Amino acid sequence: MFTTKSKTVQWLGALVVAAVLAGCGSTVPLDSKPVTVVDKSKADGAGQSAGANAVAPVAVKSASLGDMGPENVGRIVYFDFDSAAVKAESREVILAHARYLRANPERRVVLEGHTDERGSREYNVALGQRRAESVAKTMLVFGVKGNAMESVSFGEEKPAMLGSNEGAWEANRRVEITYR
Amino acid sequence: MAEYDRQGSVGQPPVTGIGRRQLLGGTVSGASLFLAAPAAFAQFKVEVAGVGLTQRPFALAPFKRVTQVPVAVDQVVIADLERSGEFRQVASASGELDENTRPNFEPWRAVGADALITGSINQVAVGRWDVRYRLWDVVRGEDLGGVSFPAQDSELRLAAHRVADSVYEKLTGVRGVFATRVAYVTADGSQNRLWIADADGESPQAALDSPQPVISPAWSPEGERLAYVSFEARKPVVYVHTLATGKRQVVANYRGSNSAPAWMPDGKGLVATLSLAGHSQIYAIGLEGGRPTRLSDSQSIDTEPTFSPDGKLLYFVSDRGGSPQIYRMAAGGGNVQRITFSGGYNVSPSIAPDGNRMAYVGLVEGRYTLMVMDLTSGAAQPVPGALDVESPSFSANGRMIVYASRTKGRDELITTTVDGRVRTRLLGAKGDIREPAWGPFRD
């Protein structure tokens, strides 16, 4: 993009003159192309504004957890890798919550789906959702009304156990049964 | 992998006469150098992986200044150009040269520079500056034009990035992305922060601070707003957040989960994944409220939607074929085509601004690998060296991709040229750093 040889030679001539006139490393005034002004500054007439890249900080709080629902009953349902199928061993826990919800029709349960850390965060939100919906379907079979439940997903964002190993992954593939 | 030294003393044979033409794009052959970043820890560090990499040599004479300037504008310009992987600085002892001075080209030719940047930084009022530069074709001794960027104190780094963008465009014909912004998330215990930084990782500002996770930031087309998923309500809810004011709007808080927001190219609405149907499906959502319109129609997971730049196609991930793969459909739904066929796990599509290439994450030999597919031919290639990848995002000019990587238990953000030859990495101060999203051009 830069040059042809003949132009270079012409310019060398000019430079020799310039160098003689101005001395090496010094300069002559320029009267060629004008400088284009590109004003994207957010400064206003009154002086300093927040600036074109200013970001206003926001701090938010977390919603609080409700109470824990039935006593002496587990509230975690575990899943196999890449699976949303409720395992036979989990049916007892789900049934206990279903009985509690049928006996306390004013209570609302939230089924929070979780995944292990492998793969896309967004795809894992969808996988966790599938696990939560799977527990909700089992609850429906056990007679819980659909409007007493909400299935949501945290994907891989709230691991129960930190670490990148099979033990942590197993602990994190779960649905937590919570009450609001 | 080599790191690149901005001091430029490496692998530079003496240059004379015509021989220099071969060097116009001198090669960096495995030399391992370190970019001595003078400033904050957060800056992206440059690494050069390619052998025979073509980089154009440029020089910058210190900009003329009368008063103390709070930002090292010259250094920001040099670092920007080098981070692109397309340029390398050749140093020469020089006094200040402003944009109104015709330089003596001889010393710049002697060090092998193709282009020379001169300029000035003048204080025009209290806290108000005029940053000017002029670009010279050193070989021809030709004036390639100059630009003035007015700025206030808080905009001086931005003005420096604009100088670099302007130089980059004059020399390559492609618009630069140095004045764009990058959003990313850090998580440290229960402190989750959404950050907005310059494209070089500097000047980070926290837009959101939450005890619950934040994921999936997505820039609005004009670059003033972000959509994202926040779990502060103990479920995933989609917000739109105006950065300059801090105003937040809940745009999707439906029963179940609300996630994976992507902007319509006109900025008037979003698409997102909702579980209203009892499983994850893609919906269109207006910013003014109204009922979401269901766009995908399967009994499977459909998520991670993203539009083609012309707004006509919607790319997304679905496991309708038994494993997660990338598909596309008409923007209003229907006419679904599968796009990825190789491998059992292909997710997180990002479409290049020209609409012809797609970056995504594929599971290849057990590693989550950054892939780039030519959408016209369907041919896909891994980006060399880009492993353990999450959340790839194209730069606005399509020349680079930013992604998150977790290696050896440490999270970092990486930018790479699409050919994988030049990478930069940004380490978090502590905790995890992830979910990068490269912002659009801003006018």
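1. In what sense, parallel or antiparallel, do β26(B) and strand β27 (residues 357–364) of chain B pair, and over how many bridges? In this predicted model, the two strands pair in the antiparallel sense, and four bridges hold the pairing between β26(B) and β27(B). One place to look for this pairing is V347(B), which stands opposite V361(B) in β27(B). As a general reminder, strands of a sheet pair through backbone hydrogen bonds, in either a parallel or an antiparallel way.

2. The pair just described belongs to an open sheet of four strands in chain B, whose order is β26-β27-β28-β29 and whose pairing is antiparallel. The edges of the sheet are taken by β26 (346–351) and β29 (380–387) of chain B, and because each of these has a single partner strand, one side of each is left without a neighbour in the sheet. If direction is ignored, neighbouring strands of this sheet are turned by 30 degrees against each other on average.

3. A second group of strands in chain B can be followed along the sequence, beginning with strand β8 (residues 115–125), which pairs with β9(B) in the antiparallel sense over 10 bridges. Within this pairing, L116(B) has W136(B) as its bridge partner in β9(B). The hairpin of β8(B) and β9(B) has two residues between the strands, and G127(B) in this hairpin takes a positive phi near 75 degrees.

4. The next step leads from β9(B) to β10(B), and these strands also form a hairpin, with four residues between them; in its turn G141(B) has a positive phi of about 65 degrees. The antiparallel pairing of β9(B) with β10(B) runs over nine bridges, and in it D137(B) finds its bridge partner, E142(B), in β10(B). Strand β9 (residues 128–137) of chain B is itself mostly covered, since eight of its 10 residues are buried.

5. Turning to the two chains as wholes, a student may find it useful to set their descriptions side by side. Chain A has four helices and seven strands, and when read along the sequence these follow the pattern α-β-β-β-β-α-β-α-β-α-β. Chain B, for its part, has four helices and 34 strands. Of the 180 residues of chain A, 32% count as buried, while for the 443 residues of chain B the share is 56%. Among contacts in chain A with a separation of 6 or more, 67% are between residues 24 or more positions apart; in chain B, 47% of the contacts between residues at least 6 apart in sequence join residues at least 24 apart.

6. The interface deserves a careful look, for 76 residues of chain B are in contact with 58 residues of chain A. On the side of chain B that touches chain A, strand β10 (residues 142–152) gives the most, with nine residues. By residue type, this side of chain B divides into 29 nonpolar, 27 polar and 20 charged residues. Strand pairing also crosses between the chains: strand β3 (residues 58–59) of chain A runs parallel to strand β13 (residues 205–210) of chain B, and two bridges join them. In this pairing V58(A) has L208(B) as its bridge partner in β13(B).

7. The largest nonpolar core has 130 residues, and of these V73(B), V77(B) and A160(B) touch the most other members. Helix α4 (residues 156–172) of chain B supplies the largest share of this core, nine residues. At least three residues of the core come from each of domain 1 (2–172) and domain 2 (182–438) of chain B. When its neighbours within four places in sequence are left aside, A160(B) is in contact with V71(B), V73(B), V76(B), V77(B) and V131(B). Apart from this core lies another, of 16 residues, including A98(A), V109(A), A136(A) and V152(A).

8. Finally, is E71(A) buried or exposed? It counts as exposed, because E71(A) has 6 C-beta neighbours inside 10 Å, and a residue is exposed if that number is 12 or fewer. E71(A) is found in the loop between β3 and β4 (76–78) of chain A. From C-alpha to C-alpha, E71(A) and H97(A) are 9.9 Å apart in space, although 26 residues separate them in sequence.

Key
Residues are numbered from 1 along each chain as its sequence is written. Chains are lettered from A and ligands numbered from 1 in the order in which they are written. This is a predicted model: local features need pLDDT of at least 70, side-chain atom pairs count only at pLDDT 80 or more; totals for chains, interfaces and linings use all residues. Two residues are in contact if their C-beta atoms, placed from the backbone, lie within 7 Å. Ala, Val, Leu, Ile, Met, Phe, Trp, Tyr, Cys and Pro count as nonpolar, Asp, Glu, Lys and Arg as charged, and the others, Gly among them, as polar. Two strands pair if DSSP finds at least two bridges between them. A residue is buried if 20 or more other C-beta atoms lie within 10 Å of its own, exposed if 12 or fewer, and partly exposed in between; C-beta atoms are placed from the backbone. Axes are lines fitted to C-alpha atoms, for helices over the stretch in contact, and angles run from 0 to 180 degrees between N-to-C directions. A nonpolar core is a set of buried Ala, Val, Leu, Ile, Met, Phe, Trp, Tyr and Cys residues joined through C-beta atoms within 7 Å. Domain bounds come from an automatic or database domain assignment.
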